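Fancy a few short exercises on reading helix faces? Have the viewer open and try each task before peeking at the solution.

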Amino acid sequence: MSYSYPAKVNVPPGLRTLLEGLSRAVVKRRPDYISQFAQLYFAELLRFRTENPTLAIKALVREFNATKGRPN
């Protein structure tokens, strides 16, 4: 089986930042179940965004990981 990939993939704005933030949290916390951790991480990030609606995505993820990016 052969797959053909596009030469360039357009990544939506902010997606890379979100995935990098999640990746850093996973490396730091080393959860047993990454998919469950990701679900909790993004749920908490959404709550954090409602509390900080003026932060740009990079600042939002950076601040979240520094203060609250620790789902249990």
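**Exercise 1.** Which residues of H2 are exposed on the other side of the helix?

*Solution.* Keep in mind that we're working with a predicted model.

- Step 1: get the helix straight. H2 covers residues 34-51, 18 in total, and runs 25 Å from its first C-alpha to its last. That is close to the 26 Å expected at 1.5 Å a residue.
- Step 2: find the buried side. Phe37, Ala38, Tyr41, Leu45 and Phe48 are buried in H2. They sit on the same side of H2, because their arc around the axis is only 95 degrees.
- Step 3: recall the geometry. With 3.6 residues a turn in an α-helix, residues three or four places apart point the same way.
- Step 4: flip over. On the other side of H2 you'll find Ser35, Gln39, Leu46 and Thr50, which are exposed.

**Exercise 2.** Work out what the buried residues of H2 pack against.

*Solution.* Two helices do the job here: H1 (15-29) and H3 (57-67) pack against the buried residues of H2.

**Exercise 3.** Sort the residues of H3 into a buried face and an exposed one.

*Solution.*

- Step 1: Leu60, Val61, Phe64 and Asn65 are the buried ones in H3. Look down the axis of H3 and these fall within an arc of 120 degrees, so they line one face of the helix.
- Step 2: turn to the face pointing away from that buried side, where Lys58, Arg62 and Ala66 are exposed.
- Step 3: ask what does the covering. H1 and H2 are among the elements that cover the buried residues of H3.

**Exercise 4.** Is threonine 17 buried or exposed, and which residues does it touch?

*Solution.*

- Step 1: place threonine 17, which belongs to helix H1.
- Step 2: apply the cut-off. Buried means under 20% relative accessible area; threonine 17 has 14% relative accessibility, so it counts as buried.
- Step 3: list contacts. Leaving out residues up to four places away in sequence, threonine 17 touches Ile57, Lys58 and Val61.

**Exercise 5.** Say what stands out about the phi of arginine 30, and where the residue is found.

*Solution.*

- Step 1: arginine 30 is not a glycine, yet its phi is positive, at about 50 degrees.
- Step 2: arginine 30 lies in the loop between H1 and H2.
- Step 3: with 69% relative accessibility, arginine 30 counts as exposed.

**Exercise 6.** How much of the span 13-50 is helix?

*Solution.* UniProt lists residues 13-50 as "domain: RIIa" in an unreviewed entry. In the model, that span is 84% helix and 0% strand, and its end C-alpha atoms lie 19 Å apart.

Conventions
Residues numbered from 1 in each chain as written. Predicted model: local features only at pLDDT ≥ 70, side-chain atom pairs only at ≥ 80, totals over all residues. Heavy atoms only, no water. Helix = DSSP H or I, 4+ residues; strand = E, 2+ residues; numbered from the N terminus. Expected span 1.5 Å × (residues − 1). Buried < 20%, exposed > 50% of the residue type's maximum accessible area, 1.4 Å probe, protein only. Arc of directions from axis to C-beta. Contact = heavy atoms within 4.5 Å. UniProt positions renumbered as here; feature names shortened; annotations may be inferred.
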